[in-house]
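Welcome to a set of worked exercises on reading a protein model. Have the structure open beside you, try each task yourself, and then follow the solution step by step.

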Amino acid sequence: MQVLHERCCGLDVHKTKVVACLITPGKGDKPQKEIRTFGTTTSELNLLSDWLSTAGCTHVAMESTGVYWKPVYYILEGNFELLVVNAKDIKHRKTDVSDAEWIAELLRHGLLKSSFIPPKPIRELRDLTRHRKTLVREKTRVINRIQKVLEDANIKLASVASNVMGASGRAILKALAQGANDPYALAELAKGSLRSKLPELEKALAGVAESHHRFLPQQHLAHIDFLEQAIARVEAEIEERMRPFAEAAERLMTIPGVKKQAAWTIIAEIGVDMGVFPSHKHLASWAGLCPGNNESAGKRKTGRTRKGNPWLQEVLVEVAWAASRSRKTYFFAQYHRLAARRGKKRALVAVAHSILVIAYHLLAKGTIYSELGPDFYDHLNHQRLLKYHLRRLAELGYRVTAEPEAVA
């Protein structure tokens with residue numbers, strides 16, 4: 001088998017140790033292998049880097065085991081050609097030494113495919129956007145806990161107010177936490193459009209609140225205030241780190257449904273250099289937003305999407321939901337066209353796939369989004385649409401002759 005890398009190393013990474021197998025040219029055609037074990041502290045990893053540099057190693061491959069590969073990657077970055085490999089592409093488990101040897105052998109013959117590792121500024125931005133998302137999820141969980149407490153006290157605030165944590169909802173919750181129990185007085189705290197529902201709100205607030213029903217919302221509201229402050233600080237840091245990518249974010253925000261936070265996440269997950277993906281199809285496959293490939297004996301078994309980047313999938317589906325509700329867009333037509341025959345969930349995934357493909361081309365070509373319009377499919381399949389409606393009218397008992405408007 002052809003040798004592509006004469007001096008390479010395979011690493012089997014663990015929490016407390018790294019087993020390295022260094023392959024160098026030996027006598028004749030037989031390569032020379034050297035096995036060493038290092039710790040995972042910074043000083044030990046520096047020793048690993050020095051050892052590989054002294055041996056003239058050019059390529060290093062490691063398995064993506066949890067988060068343990070990251071410190072190794074960061075210290076070796078810039079000195080070697082690094083490959084972080086998906087575990088399913090190796091499939092070899094005996095001992096730590098044999099794992100390192102197997103990785104090195106595959107690397108030596110060019111049989112490993114590296115995972116996408118973004119550059120350092122994008123990695124740092126990714127950590128911040130993911131942390132922000134974690135804080136937002138925690139805030140949602142606390143709001144749900146407040147709702148459970150209210151239901152336990154038979155206070156049906158959510159049945160009347162669309163947003164329990166809106167201005168009116170917060171004022172009512174604070175008053176409840178401070179000991180107020182008069183439904184009329186609580187309902188009078190409503191603001192804006194909620195005041196049109198004062199009779200219903202007064203009935204909904206007539207619950208049976210015990211002392212712990214007042215204590216728990218107070219704790220939850222304090223927790224929410226803390227989370228909102230933390231989210232604001234993280235967003236300020238993201239804003240600062242997004243300065244070099246502000247132009248790319250502006251291009252992404254021309255896509256319907258993509259707001260500032262969504263643009264942050266898209267850039268943090270895929271970067272701004274689309275040259276790392278051979279095509280938009282490879283990007284969609286990496287993200288897990290394309291149909292699965294499961295075919296045997298000429299029969300397609302399933303088209304279920306594969307596992308991909310869950311952070312990117314989540315934000316793109318959220319964007320797809322917002323875009324599909326904008327009536328004057330192509331995404332509105334695409335969603336309703338697919339939802340009628342494939343279901344709402346599949347339609348949302350299809351719209352998310354389209355948005356990702358568009359984002360790829362906007363970042364790759366440096367252009368902005370051009371709207372196709374909600375009647376795109378009507379113009380695309382004009383004759384087919386005409387035949388369909390004529391057939392439906394005929395089925396309903398009408399005889400219709402269609403003539404172009406110019407002739408008529």
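## Exercise 1: A loop residue

M253 has a relative accessible area of 29%, so M253 counts as partly exposed (buried means under 20% relative accessible area, exposed over 50%, partly exposed in between, with a 1.4 Å probe and protein chains only). A word on the ground rules: this is a predicted model, where local features need pLDDT of at least 70 and side-chain atom pairs count only at pLDDT 80 or more, while totals for chains, interfaces and linings use all residues. Residues are numbered from 1 along each chain as its sequence is written, and side-chain values use heavy atoms, with hydrogens and water left out.

Task: Find where M253 is and which residues are in contact with M253, leaving aside neighbours within four places in sequence.

Solution.
- Step 1. Look in the loop between helix 10 (246-252) and helix 11 to find M253. Helices here are DSSP runs (H or I, at least four residues; strands are E, at least two), numbered from the N terminus.
- Step 2. Once neighbours within four places are set aside, M253 is in contact with V258, K259, K260 and A263; contact means heavy atoms within 4.5 Å.
- Step 3. Now try W264: 11 residues separate M253 and W264 in sequence, and their C-alpha atoms are 9.9 Å apart in space.

## Exercise 2: Helix 4 and two partners

Two packed helices are described by the angle between their axes and the distance between the axes.

Task: Describe how helix 4 meets helix 11, giving the angle at which their axes cross and the residues that meet.

Solution.
- Step 1. The axes of helix 4 (residues 120-152) and helix 11 (residues 260-270) come within 8 Å, crossing at roughly 135°. Axes are lines fitted to C-alpha atoms, for helices over the stretch in contact, and angles run from 0 to 180 degrees between N-to-C directions.
- Step 2. Helix 4 and helix 11 are therefore oblique to each other (angles under 35 degrees count as roughly parallel, over 145 as roughly antiparallel, 65 to 115 as roughly perpendicular and the rest as oblique).
- Step 3. Helix 4 and helix 11 make a left-handed crossing (left-handed if the near helix is turned anticlockwise from the far one by less than a right angle, right-handed if clockwise).
- Step 4. From helix 4, I122, L125, R126, T129, R130 and R132 meet Q261, W264, T265, I267, A268 and E269 of helix 11.
- Step 5. Sorted by type, the residues of this contact between helix 4 and helix 11 are 5 nonpolar, 3 polar and 4 charged. Ala, Val, Leu, Ile, Met, Phe, Trp, Tyr, Cys and Pro count as nonpolar, Asp, Glu, Lys and Arg as charged, and the others, Gly among them, as polar.

Task: Do the same for helix 4 and helix 13.

Solution.
- Step 1. Helix 4 packs against helix 13 (residues 310-324) at an angle of about 65°, and their axes are 12 Å apart.
- Step 2. The crossing of helix 4 with helix 13 is left-handed.
- Step 3. Helix 4 contributes R130, K133, T134 and R137 to the contact, and helix 13 contributes W311, E314 and E318.
- Step 4. In the contact of helix 4 with helix 13, 1 residue is nonpolar, 1 is polar and 5 are charged.

## Exercise 3: Helix 6 on helix 9

Task: Work out how helix 6 and helix 9 pack.

Solution.
- Step 1. Helix 6 (residues 167-177) and helix 9 have axes 8 Å apart, at an angle of about 135°.
- Step 2. That angle makes helix 6 oblique to helix 9.
- Step 3. Helix 6 and helix 9 cross in a left-handed way.
- Step 4. R170, L173, K174, L176 and A177 of helix 6 make the contact with R214, Q218, L221, I224, D225 and E228 of helix 9.
- Step 5. By type, the contact of helix 6 with helix 9 has 5 nonpolar, 1 polar and 5 charged residues.

## Exercise 4: Aromatic pairs

Task: Is the F277 and W286 pair stacked, edge-to-face or tilted?Solution.
- Step 1. The structure holds 12 aromatic pairs. Rings of Phe, Tyr and Trp (its six-membered ring) pair if their centres lie within 6.5 Å; planes under 30 degrees apart count as stacked, over 60 as edge-to-face and the rest as tilted.
- Step 2. F277 and W286 lie 5.7 Å centre to centre with 55° between the planes, a tilted pair.
- Step 3. F277 is buried at 6% relative accessible area, whereas W286, at 24%, is partly exposed.
- Step 4. For F331 and Y369, the ring centres are 6.0 Å apart and the planes are at 15°, so this pair is stacked.
- Step 5. F331 and Y369 link distant parts of the chain, 38 residues apart: F331 is in helix 14 (residues 330-342) and Y369 in the loop between helix 15 (344-365) and helix 16 (376-380).
- Step 6. F331 and Y369 are both buried.
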